[in-house]
Structures are given as C-alpha cells and as structure tokens.
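Biologist: I should like a close examination of one helix in this model, beginning with what packs against its buried side. Please then continue outward to the core, the pocket and the individual residues that merit attention.

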Amino acid sequence: MSETPAISLYLVPTPIGNLKDITLRALEILQSVDVILAEDTRTTGMLLKHLEISNSLQSYHIFNEHKAVEKLVERMQKGEVFALVSDAGTPGISDPGFLLVREVIAAGLEVQSLPGPTAFVPALVNSGLPNDRFVFEGFLPHKKGRKTRIDSLLDESRTMVFYESPHRLLKTLEQFAEAFGTERQACVSRELTKIHEENVRGSLEELIIYYQNNPLKGEIVLTVSGKPEKKESREEKQEKRSKKYRD
C-alpha cells in the first residue's frame, strides 16, 4: 500500500465569537505545525495565548498574499508544515486563502481543511428560511457593480446568504426591498455565538423599520428568501394535459 501523502498546509477554522467552539483537532494541528499563518497576528496571538499555544506566527493577509505565496510554497517543498487561520471562522470564506490553496495544490503538495466555525451556516439554519438549496454571495460590491450584482439575483429561487457591515445594512435592506419586493422574507443575524447574539426575522419592510429605530453593531449575516417558484393553477395543468393529447 502507498503511504498517505504528508500534509503541507492545514486550513484551521477559529471561533467566530465563543472561544469554546475551537475543536480538539484544531488545537492539535495548531500545536503541531511549524508555522501558523494569520490574517492579523495580534488577533490570532490573543487566541493562541488563551489556548496556551506558542507556535511561530507569520502574517498572511489580503495585502501581502500575492508576494508571500511563492516563498511559502518553496518552504513547504522543503518540508515545513503550515496552518492558515483567519481572524474568525474558516479561512478562504470571504477571507484570504484561495490563492495559497490553489498554488500549494498546483505544486503537487497536500492541503487539508478542518471542519469548524463559519458564520453563514448557523445564520442560514436558524433563519427559518428554506435551506435545502441556497447560494452564498458573501459581501456585495461597495459601489461599482453593486446594482448589477443585485439585479443578477432577481430570478434566484434559492435562499441567498450575504455578509454585511453594520453601517451598510440599512442601505442593503432598502436596495433589496426595491429589487425583490418589500414582502420578501429575510433574517438579520448578528454577533453569532456571542453573548449578544440576535436574529431578527421578518419581511424586508419590517426589517427596514426595525433597523431605522434600532442601530446595531457587530458582525452581520443577512439571509434572504429566494423568488417564489410559480405554481401552476388547476386550469393551467388541465390546459397542458389537453394540449398534450391534441398534439
């Protein structure tokens, strides 16, 4: 039997709020790798201090990833093992990571992603909206391309999941109401897993009114129901059957 290839890069999810959400396997990997790549070494440093882990930390973020990737791959080829973490949640989900993963794989090295915390899954599941089929849109463009992106979702029938910042939430709700209709159902989840976790559910119009009077802080996931699929009336079904027989 051939030996299992050694892992060069681990993608390690970290808690999105509640520090108890770190997994036993994540602890094991963070303790055993040669270097931990962190989006913000200060944020990750505080987490590692809490977890009593003293491994080497190196900065890896959106502003240096293109310059850093080639050297990191070279070090992996020489045998060093890395773990990539983001400030919170799963690396690569609206955070740096994709470029490194792609290049490590292209170099013939092994990557392994650990399961663990990510914000959009609990938000989707507790929204009360259909979750058998959904689409994750991440952050909308801030300015250029924003309307185009929203317009591209006008006929989307799956539940849609977005990340949004507190100061843009109201604007986004208003734009969605204009595009999808004020009665479209949605849920705003904030501070997931933290002490002040809140999930506000209702129509887009109800959410707009609520947040006009209740300014908010914290990380936000916005879940919006898809376009209702048109159901055929009895008459339309009968017409289809009649046409089939006539043909």
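Modeller: The buried residues of helix 4 are covered by elements that include strand 1 (7-11), strand 2 (35-38), helix 3 (65-77), strand 4 (82-85) and strand 5 (110-113). The model is a predicted one. Helix 4 itself runs over residues 98-106, and its buried residues are Leu99, Leu100, Val101 and Val104. In general, an α-helix has 3.6 residues a turn, so residues three or four places apart point the same way. Helix 4 is followed by Gly108, a residue with a positive phi near 80°.

A positive phi also occurs at two residues that are not glycines. Glu52 has a phi of about 60°, and this residue is placed in the loop between helix 2 (41-51) and strand 3 (56-59). With a relative accessible area of 73%, Glu52 is exposed, because the threshold for that class is over 50%. The second case is Glu191, whose phi is positive at about 55° although the residue is not a glycine. Glu191 belongs to the loop between strand 8 and strand 9 (198-203). Its relative accessible area is 16%, so Glu191 is classed as buried, the limit for burial being under 20%. The two glutamates thus both have positive phi, yet Glu52 is exposed and Glu191 is buried.

Within helix 2 lies Thr44. The relative accessibility of Thr44 is 4%, and the residue therefore counts as buried. Leaving aside residues up to four places away in sequence, Thr44 touches Ala38, Leu57, Val85 and Ser86.

Next comes the loop between strand 5 and helix 5 (120-125), where Gly116 is located. Gly116 counts as partly exposed, because its relative accessibility is 40%. Beyond residues up to four places away in sequence, Gly116 touches Pro13 and Thr90. The C-alpha atoms of Gly116 and Lys227 are separated by 30 Å, and the two residues are 111 residues apart along the chain.

The packing may now be followed into the interior. The largest nonpolar core comprises 22 residues, and Phe176 and Leu222 are those with the most contacts inside it. At least two residues of this core come from each of strand 7 (159-164), helix 7 (166-180), strand 8 (185-190), helix 8 (204-213) and strand 10 (220-224). Helix 7 makes the greatest contribution, with five residues. Phe176 touches Leu140, Ile150, Phe162, Gly181, Leu204, Leu222 and Val224, when residues up to four places away in sequence are not counted. Phe176 and Leu222 are therefore in contact with each other, because contact means heavy atoms within 4.5 Å.

The pocket is the next feature. Rolling a probe the size of a water molecule over the atoms shows where empty space is left. The largest pocket holds about 510 Å³ of space. Its lining consists of 22 residues, and those nearest the pocket centre are Ala88, Asp95, Ala119, Tyr163 and Glu219. Strand 7, strand 8 and strand 10 each supply at least two residues of the lining; each of these strands also supplies at least two residues of the largest nonpolar core. By character, the lining divides into nine nonpolar, five polar and eight charged residues.

A charged pair closes this account. Glu156 lies in the loop between helix 6 (146-151) and strand 7, and Arg158 also lies in the loop between helix 6 and strand 7. The side chains of Glu156 and Arg158 are joined by a polar contact of 2.8 Å. Glu156 is at 14% relative accessibility and so counts as buried, whereas Arg158, with a relative accessible area of 30%, is partly exposed. Apart from residues up to four places away in sequence, Glu156 touches Val135, Gly226 and Lys227. On the same basis, Arg158 touches Arg133, Phe134, Val135, Ser225 and Gly226. Val135 and Gly226 are thus touched by Glu156 and by Arg158. The C-alpha atoms of Arg158 and Val135 are 6.4 Å apart in space, while the residues are 23 apart in sequence.

Methods
Residues numbered from 1 in each chain as written. Predicted model: local features only at pLDDT ≥ 70, side-chain atom pairs only at ≥ 80, totals over all residues. Heavy atoms only, no water. Core = buried A, V, L, I, M, F, W, Y, C linked by side-chain atoms within 4.5 Å. Buried < 20%, exposed > 50% of the residue type's maximum accessible area, 1.4 Å probe, protein only. Helix = DSSP H or I, 4+ residues; strand = E, 2+ residues; numbered from the N terminus. 1 Å grid on protein atoms, 1.4 Å probe; cavity = no way out; pocket = protein on both sides within 12 Å on 5 of 7 lines; lining within 4 Å. Points joined across faces, edges and corners; volume = space filled by probe spheres on them. Nonpolar A, V, L, I, M, F, W, Y, C, P; charged D, E, K, R; others polar. Polar contact = N/O pair within 3.5 Å; in protein donor to acceptor, adjacent residues only side chain to side chain.
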